[in-house]
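Reader: Please show me this structure. Then I will ask about it piece by piece.

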Amino acid sequence: MLNTFLKYLEFEKRYSKHTLISYQNDLNQFNIFLENQYHLQDLLKAEHRHIRAWIVALMQEKMNPKSINRKIISLRAFYKFSISREAVNQNPTQKIKALKTSKELPQFVQEKEMDNLLSLIEFADDFEGSRDALIMELLYGTGIRLSELIGLKYSDFNLQSKTIRVLGKGNKERIIPFHSKILERLNTYISYKNKLFSGNESIPLIVSINGNEAYPMMVNRITKKYLNQVTTISKTSPHVLRHTFATHLLNKGADLNAVKDLLGHSSLAATQVYTHNSLDKLKKVFDQAHPKA
């Protein structure tokens, strides 16, 4: 049933490779727990008490509540699927509740720091330099996810309307506008890329120096390299640039629903986390400017 479930996520739900691996790892870990603690070798025979015991064990190992909640989501999805296929009669996760987590505000790079990165730092005048510059411009200028960046093709760009077609989570497509600097970076990069590799529009846009498809560790390494030159925040991942994109838009007065659509969020609740950073800025303006502050 596990393999059938994973194929369902891959081909029907169209989940990314990263998400599939997470689901597989979570379910395999629970399977190992069942075997070691209860001598059960079938996920379909698990009961509520077994899942509860696993959660307690994870808590005793000091696992982050967010990570535990992700594993609970994986189990819920698996047993919901199993019920739909009539492999089980009851869902053992039905009474399992998510753990309480502390609300952490997303880290972001200050506007001046991003301006320094994109206007003052000199990217190498070669294939790798032009690629790195495009990566940084795209992540900050469009707010796309790491997986979405890796999946981009040149044919996804409409150069006339200056928009990108992005395939997001759940195979949902959205259109994102981009600014002139991205177009400039794109043209420079494509010029170098075509000299080294085929100009086939079907191949991934972002590739390694060997022409292979970009991978998460490569993009993480690139963003860390350049962000560390302009900021001292602890996290310097591609996702931080997505946070930065959203925060800067809201700080400039962008509509929350518009930012939601640009980010590809399915609900407004996921976007509202960025309003906290905007409110902090508004409070500072109030304290500095209002006569009664």
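The questions below go through cores, sheet, rings and charges.

Author: This is a predicted model, where local features need pLDDT of at least 70 and side-chain atom pairs count only at pLDDT 80 or more, while totals for chains, interfaces and linings use all residues. Residues are numbered from 1 along each chain as its sequence is written, and side-chain values use heavy atoms, with hydrogens and water left out.

Reader: Which helix gives the largest share of the largest nonpolar core?

Author: A nonpolar core is a set of buried Ala, Val, Leu, Ile, Met, Phe, Trp, Tyr and Cys residues joined through side-chain atoms within 4.5 Å. The largest one has 41 residues. Its suppliers of at least two residues each include helix 5, strand 2 and helix 10 (238-251). The largest share is eight residues, and it comes from helix 6.

Reader: Which residues does Leu-138 contact, leaving aside neighbours within four places in sequence?

Author: Leu-138 is one of the residues that touch the most other members of the largest core. Contact means heavy atoms within 4.5 Å. With neighbours within four places left aside, the partners of Leu-138 are Gly-143, Ile-144, Leu-149, Leu-152, Phe-157, Ile-164, Ile-182 and Leu-205.

Reader: Which strands stand at the edges of the sheet?

Author: The sheet is open, has three strands in the order 1-2-3, and pairs them antiparallel. Strands (E, at least two residues) and helices (H or I, at least four) are DSSP runs, numbered from the N terminus. Two strands pair if DSSP finds at least two bridges between them. Each edge strand has a single partner, so one side is left without a neighbour in the sheet; these are strand 1 (157-158) and strand 3 (173-177).

Reader: Which residue in strand 3 stands opposite Val-166?

Author: Strand 2 and strand 3 run antiparallel and are joined by five bridges. Opposite Val-166, in strand 3, stands Arg-174.

Reader: How far apart in sequence are the parts that Phe-123 and Tyr-226 tie together?

Author: A search of the whole structure gives 12 aromatic pairs. The ring centres of Phe-123 and Tyr-226 are 4.7 Å apart with planes at 45°, so this pair is tilted. (Rings of Phe, Tyr and Trp, taking the six-membered ring of Trp, pair if their centres lie within 6.5 Å; planes under 30 degrees apart count as stacked, over 60 as edge-to-face and the rest as tilted.) Phe-123 lies in the loop between helix 5 (111-119) and helix 6 (127-142) and Tyr-226 in helix 9 (residues 216-227), so the pair ties together parts whose separation in sequence is 103 residues.

Reader: Is Tyr-226 buried or exposed?

Author: Buried means under 20% relative accessible area, exposed over 50%, and partly exposed in between (1.4 Å probe, protein chains only). Phe-123 has 14% and is buried. Tyr-226 has a relative accessible area of 5%, so Tyr-226 is buried.

Reader: Which ring does the charged end of Arg-85 sit over?

Author: A charge sits over a ring if NZ of Lys or CZ of Arg is within 6 Å of the ring centre and within 35 degrees of the ring normal. One aromatic cluster is formed by Phe-5, Tyr-8, Tyr-15, Tyr-23, Phe-78, Tyr-79 and Phe-81. At 5.8 Å from the ring centre, the charged end of Arg-85 sits over the ring of Tyr-8.

Reader: Which residues does the salt-bridge network join?

Author: A salt bridge is a side-chain nitrogen of Lys or Arg within 4 Å of a carboxyl oxygen of Asp or Glu. Asp-26 has one with Arg-70, at 2.6 Å between the closest N and O atoms, and one with Lys-71, at 3.0 Å. Asp-26 lies in helix 2 and Lys-71 in helix 4, so that pair ties together parts 45 residues apart in sequence. Through shared partners, the network joins Asp-26, Arg-70 and Lys-71.

Reader: What is the relative accessibility of Asp-26?

Author: Arg-70 is partly exposed, with a relative accessible area of 37%. Asp-26 and Lys-71 are both buried. For Asp-26, the relative accessibility is 0%.

Reader: Which helix holds Lys-260?

Author: Lys-260 is buried, at 16% relative accessible area. Its contacts beyond four places in sequence include His-265 and Thr-271. The helix, residues 256-263, is helix 11.
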